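Student: Could you take me through one part of this protein slowly? I would like to look closely at a single place and then see what surrounds it.

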Amino acid sequence: MHKRIISFVAVIIAVITVFTGCDVLTFNSAENLVRPPKLSGDDGALQAAFEAAIAEKGEYILRYPVAGSHRSAFVRYDCDGDKSDEAFVFYSLKAEEMVINMYVFDYADGKWEAKETTPGEGNDVYAIEFSDLNDDGVSEILVGWSSMDSKTNKKLSVYSSDKSGKNMDYKVLAIETYTSMFPVDLDDDGEKEILVALINSTSDAYTTDARLLKMVKTDNNDYQINAVGQISLYSEITAISSITSGWADGRKYVYIDEAGNDSYLTELVYWDGENNTLATAFSVDMLTVASCPTSRSLPLECADVDKDGEIEIPATTLMPESLIIRKNPETGIAAGHENVYIINWNKYDEGGFTPVHSYFSNEDDGFRFVYDSEVMSDWCVMFYPDERISQFFRLPETSDENEIAEPELLFTITVVPAGETVSIGTYLISGENVKYTCEITEAGESAGLTRTNIVSYFSLI
């Protein structure tokens, strides 16, 4: 078997002194403003109605959600489909800063009308979602409350109005502890459920569970929230970065992007209609994060990379003998290195994975290079972000373990200022305020490389 000589990278690593450091910045929260700037238009009228409603209670502090699509303390949404927004104001009274309240307002006859106020379940507002959980045309309100007692887990309150949704009389149907939640019609019955994932770190080892919550009608023709399925996810999970859903292999999946033990992975959860239960695509029995088939080294999240309406899952492969070399800004000497990874995007299909797209990237210089395994299986790269130079080599093969053979430089990509004059023969493409140039060596020309096919692999991030 041919073996590659790796002295090239070994020599580079030998001269690197790795150092780390960090600065911590702290900011004063905007929530500490007791009297926020006055809003204008309908928002101004809403603020005025709110201030009038709590005028006798003293000064207040607005509370702003930190996640989700609704980031204002004044959240407006047409919950009942009457083409007129309802409003939800999140605040604390200055005298009770640790108590979060939600004030409900309805818009009728050209003015905002205060309906009710209700206390929350934490010290702050995390996120707000609206979702029609029983397909009656009236959206339920899903509010995530965060607490100083936990950096990871939150409380989810599910609020539902009356059957008609006209009197805005909300009541709490459920309170759930969760780490991440995602409204989705997982069983494809036309009604959305809520998938909640919970990381439990109270014991020596982390455990993670997923529950599917469904709004169901009771015997007295009322509604309640029931857990219709629960499963264990991988242990050792310490964070959930995102949740999304999509179809694959004729089935709807929820894709849960997670992190744990310096690795990242995606779990696929679905509704098993035959057994009427929640299920996962991968068995978690006796497995570690590293052994999960979607385990990867970079914090990448699932996405529809080819824009075909189906979700792809990222995976990473270490690019052999390839490094990102950084300098110490004070000495100018190489002071640190990072690995270069090939990023592979795959569809989950019939229990396996189908490759869709692969590339490696230079994030510092803002470009990607399509990875062609037939052409580049013996390539390695060196990125020097301080000089804005990227070198592409071909690794020689030898049957002699003791033979030392240096990689051949195929071509170099250099980033130069936009105003700099460059040769037409070296010009690749222009980015924002910069140009990218390419110089091909004799070895690269002998390998059949041309500016045209390098351009075909190259793209800006």
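Student: Leaving aside its neighbours within four places in sequence, which residues is L298 in contact with?

Tutor: Happy to help, and please keep in mind that we are looking at a predicted model. Once the neighbours within four places in sequence are set aside, L298 is in contact with Y264, T316, Y341 and I343. Take Y341 as an example: 43 residues separate L298 from Y341 in sequence, yet their C-alpha atoms are 8.4 Å apart in space.

Now let us place L298 itself. You will find L298 in the loop between β18 (277-280) and β19, and β19 covers residues 313-327. Is L298 buried, partly exposed or exposed? The cut-offs help here: buried means under 20% relative accessible area and exposed means over 50%, with partly exposed in between. L298 has a relative accessibility of 25%, so L298 counts as partly exposed.

L298 also takes us to a pocket. The second largest pocket has 14 lining residues, and L298, I324, N339, S361 and E363 are the ones that lie nearest its centre. Two or more lining residues come from each of β19 (313-327), β20 (334-349) and β21 (352-362). Of the elements, β20 gives the most to this lining, with five residues. Sorted by class, the lining has seven nonpolar, two polar and five charged residues. The space in this second largest pocket is about 290 Å³.

It helps to set that beside the largest pocket, which holds about 400 Å³ of space. There the lining is made of 21 residues, and A67, Y126, T179, S180 and M181 lie nearest the centre. The elements that give two or more residues to this lining are β7 (124-131), β9 (150-160), β11 (180-184) and β15 (239-248). The largest share comes from β9, with five residues. By class, this lining has nine nonpolar, nine polar and three charged residues.

Let us go back to the loop side of the picture, starting from β18. On its other side, N276 sits in the loop between β17 (263-272) and β18. N276 has a positive phi, near 55°, and is a residue other than glycine. N276 is exposed because its relative accessibility is 52%, and the cut-off for exposed is over 50%. You can find another positive phi near 55° at D109, again in a residue other than glycine. D109 lies in the loop between β5 (101-108) and β6 (111-119), and with a relative accessible area of 79% D109 is exposed.

Turns between strands are worth a look too. β13 and β14 form a hairpin with five residues between them, and N221 in that turn has a positive phi of about 70°. The pairing of β13 with β14 (residues 223-232) is antiparallel, over nine bridges, and one place to see it is L212, whose bridge partner in β14 is G229. β13 (residues 207-217) also pairs with β12 (residues 193-200), in the antiparallel sense over seven bridges. Here V196 has R211 in β13 as its bridge partner.

One last thing to check is the cysteines. The structure holds zero disulfides. C79 counts as buried because its relative accessibility is 2%, and C438 counts as buried because its value is 5%.

Note on methods. Residues numbered from 1 in each chain as written. Predicted model: local features only at pLDDT ≥ 70, side-chain atom pairs only at ≥ 80, totals over all residues. Heavy atoms only, no water. 1 Å grid on protein atoms, 1.4 Å probe; cavity = no way out; pocket = protein on both sides within 12 Å on 5 of 7 lines; lining within 4 Å. Points joined across faces, edges and corners; volume = space filled by probe spheres on them. Helix = DSSP H or I, 4+ residues; strand = E, 2+ residues; numbered from the N terminus. Nonpolar A, V, L, I, M, F, W, Y, C, P; charged D, E, K, R; others polar. Buried < 20%, exposed > 50% of the residue type's maximum accessible area, 1.4 Å probe, protein only. Contact = heavy atoms within 4.5 Å. Disulfide = S-S within 2.5 Å. Pairing = 2+ DSSP bridges.
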